[in-house]
Amino acid sequence: MKKAVWSGIIVAVGMLALSTPAFAQAAQATGNVTVNANVNAKAKLTISANNISFPTTGDPDSNPVLAATSALTIDVKARTSASGNVTLTVLAGGDLDSGSATIAISNLTWTSTGAVFNASGTSNASTAQPVASFAGSGSYSGSQSYSLVNSWAYTTGNYTATLTYTLTAP
Amino acid sequence: MSLFSRRSLPFLALAAVAFTAPAAAQTATATLSGNLGGLAKLSLSSTTLSFPDSNPDTVPQIPAAGGAIVITAKARATAGATVTLTVLATDDLRSGLDTIPITALTWTASGAGFVNGTMSRQVPQVVGTWAGSGVQTGTQMFRFQNSWAYATGTYSVSLVYTLVAP
């Protein structure tokens with residue numbers, strides 16, 4: 001009889017203990033989400049002005065090189081592969097011309113500033129000339145200051161030429 | 001010989017009295033115990049999250065293509081206990097050898113108890129917390145920080161949501 005009573009008490013205490021919060025296990029549920037993001041090649045070129053002017057030619061002896069009235073600010077943004085070679089080039093549409101008179105485009109040169117910009121260059125109408133280049137994606141700014149060789153040989157006139165800039169992000 | 005002897009008659013009389021008396025009332029208490037353990041159930045409206053390619057200048061923050069994820073968190077917990085839903089990225093966004101820090105992934109939340117956050121691959125980030133048992137529904141709108149600096153590619157990562165009901 002005593003044994004049965006004690007067994008009952010032990011069972012009751014055990015059940016009570018197991019039903020307390022201390023013995024409750026935390027419940028957990030999980031869920032998974034897969035994220036995909038597409039990053040494609042892109043190129044964006046911004047040039048501060050779409051025309052370059054030179055002052056009226058002075059005396060070639062005292063002004064052998066004419067500086068453009070203002071420098072161009074160039075912003076290049078490109079997204080490419082990690083090892084992709086981004087290039088910015090400029091190609092002249094032809095020589096500087098004023099009616100039938102021309103000045104060879106090679107007389108138009110420039111100097112640049114900016115991390116990825118070439119220090120200097122000479123315009124060309126047949127082969128695109130490098131202005132800047134860098135590896136991989138990124139955004140860069142630089143400036144380009146044009147100069148025109150002055151000469152007594154030039155025929156008077158108002159000369160123009162078109163320059164085409166191309167930014168390529170492979 | 002009669003069926004009952006003289007000695008047996010008094011006992012029979014007592015027995016007859018006993019059986020004809022009203023039954024004595026007796027009560028007993030039974031305690032019914034049901035063990036309602038902790039329970040957690042998590043439902044996500046989508047298991048994929050896609051971000052289309054966009055120009056970083058025009059779309060600096062790319063919203064997820066499918067819109068917000070609807071989250072339903074059901075929990076049975078001890079009274080007053082804090083139920084927590086967290087999310088943890090398994091890695092940075094990866095495309096081969098190229099990576100984009102997972103912190104480029106952020107979200108805004110709606111719904112009681114749901115909070116905004118920035119993804120992490122090291123520390124589970126809280127998506128929502130609630131007190132006690134209940135069913136909670138909210139949304140999580142993800143955005144991907146766009147940049148010119150990223151290398152081209154299709155980047156992927158897994159997010160692991162965990163709902164804990166203590």
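Select A:Tyr159 in this predicted model; A:Tyr159 sits in the loop that links S11 to strand S12 (163-168) of chain A. Is this residue buried or exposed? With a relative accessibility of 16%, A:Tyr159 counts as buried, because the limit for that class is under 20%. Now display the residues around the ring. Neighbours up to four places away in sequence aside, A:Tyr159 touches A:Leu96, A:Asp97, A:Ser98, A:Ala101, A:Thr102 and A:Ile103. A:Thr102 is 57 residues from A:Tyr159 along the sequence, yet the two C-alpha atoms are 7.5 Å apart in space. Next, show the backbone of A:Thr155: its oxygen lies 2.5 Å from a polar atom of the A:Tyr159 side chain.

**A second loop in chain A**

Move to A:Ser123, in the loop between strand S9 (120-122) and strand S10 (129-135) of chain A. A:Ser123 is also to be read as buried, since its relative accessibility is 5% and the class takes values under 20%. Which residues does A:Ser123 touch, not counting those up to four places away in sequence? The contacts are A:Ile105, A:Ser106, A:Leu108, A:Trp110, A:Gln129, A:Tyr146 and A:Leu163.

**Strand S11 of chain A**

Select A:Ser141, which belongs to strand S11 of chain A. A:Ser141 has a relative accessible area of 46% and is therefore partly exposed, the class that lies between the 20% and 50% limits. Apart from neighbours within four places in sequence, A:Ser141 is in contact with A:Ile74, A:Asp75, A:Gly114 and A:Phe117. Of these contacts, pick out A:Asp75, whose side chain makes a polar contact of 2.4 Å with the side chain of A:Ser141. A further landmark is A:Thr113, 28 residues from A:Ser141 along the chain, with a C-alpha separation of 8.7 Å.

**The interface of chains A and B**

Now show both chains. In chain A, 30 residues are in contact with chain B, where 46 residues take part. About 3,100 Å² is buried between the two chains, and carbon and sulfur atoms give 54% of that area. To find where chain A loses the most area to chain B, select A:Val33, A:Val35 and A:Val39, which together account for 22% of what that side buries.

Turn next to the polar side of the interface. The rule finds 26 residue pairs in polar contact across it, both residues of each pair being at pLDDT 80 or more. Four chain A strands each supply at least two residues to the side that touches chain B: S1 (27-39), S2 (42-47), S4 (72-79) and S11 (138-149). Which strand gives the most? S1(A) does, with 13 residues. By type, the chain A residues on this side divide into twelve nonpolar, 14 polar and four charged.

The rule also finds four salt bridges between chain A and chain B. To inspect a salt bridge, select A:Lys42 and B:Asp53, whose closest N and O atoms are 2.2 Å apart.

Then follow S1(A) to its pairing with strand S2 (residues 48-51) of chain B. In what sense do S1(A) and S2(B) pair, and over how many bridges? They pair in the parallel sense, over four bridges. A convenient place to look is A:Thr34, which stands opposite B:Thr48 in S2(B).

**Into chain B**

Select B:Thr162, in strand S12 (residues 153-165) of chain B. B:Thr162 has a relative accessible area of 17% and is thus buried, the limit being under 20%. The contacts of B:Thr162, leaving aside neighbours within four places in sequence, include A:Gln28, A:Ala29 and A:Thr30 from chain A, and B:Thr84, B:Leu85 and B:Thr86 from chain B.

Extend the selection to the strands of chain B. S5(B) and S12(B) pair in the antiparallel sense over six bridges, and B:Thr84 has B:Val164 as its bridge partner in S12(B). Strand S5 (residues 82-89) of chain B is also joined by six bridges to strand S10 (residues 125-131), the two running antiparallel. There, B:Thr82 stands opposite B:Ala131 in S10(B).

Finally, colour the whole of chain B by secondary structure. Chain B has one helix and twelve strands, and the helix comes ahead of the strands when the elements are read from the N terminus. Of the 166 residues in chain B, 34% are buried. Among contacts in chain B between residues at least 6 apart in sequence, 76% join residues at least 24 apart.

Terms used
Residues are numbered from 1 along each chain as its sequence is written. Chains are lettered from A and ligands numbered from 1 in the order in which they are written. This is a predicted model: local features need pLDDT of at least 70, side-chain atom pairs count only at pLDDT 80 or more; totals for chains, interfaces and linings use all residues. Side-chain values use heavy atoms; hydrogens and water are left out. Contact means heavy atoms within 4.5 Å. Buried area is the accessible area (1.4 Å probe) that two parts lose on being put together, summed over both. A salt bridge is a side-chain nitrogen of Lys or Arg within 4 Å of a carboxyl oxygen of Asp or Glu. A polar contact is a pair of N or O atoms within 3.5 Å; within protein, one must be able to donate a hydrogen and the other to accept it, and residues adjacent in sequence count only if both atoms are side-chain atoms. Ala, Val, Leu, Ile, Met, Phe, Trp, Tyr, Cys and Pro count as nonpolar, Asp, Glu, Lys and Arg as charged, and the others, Gly among them, as polar. Two strands pair if DSSP finds at least two bridges between them. Buried means under 20% relative accessible area, exposed over 50%, partly exposed in between (1.4 Å probe, protein chains only).
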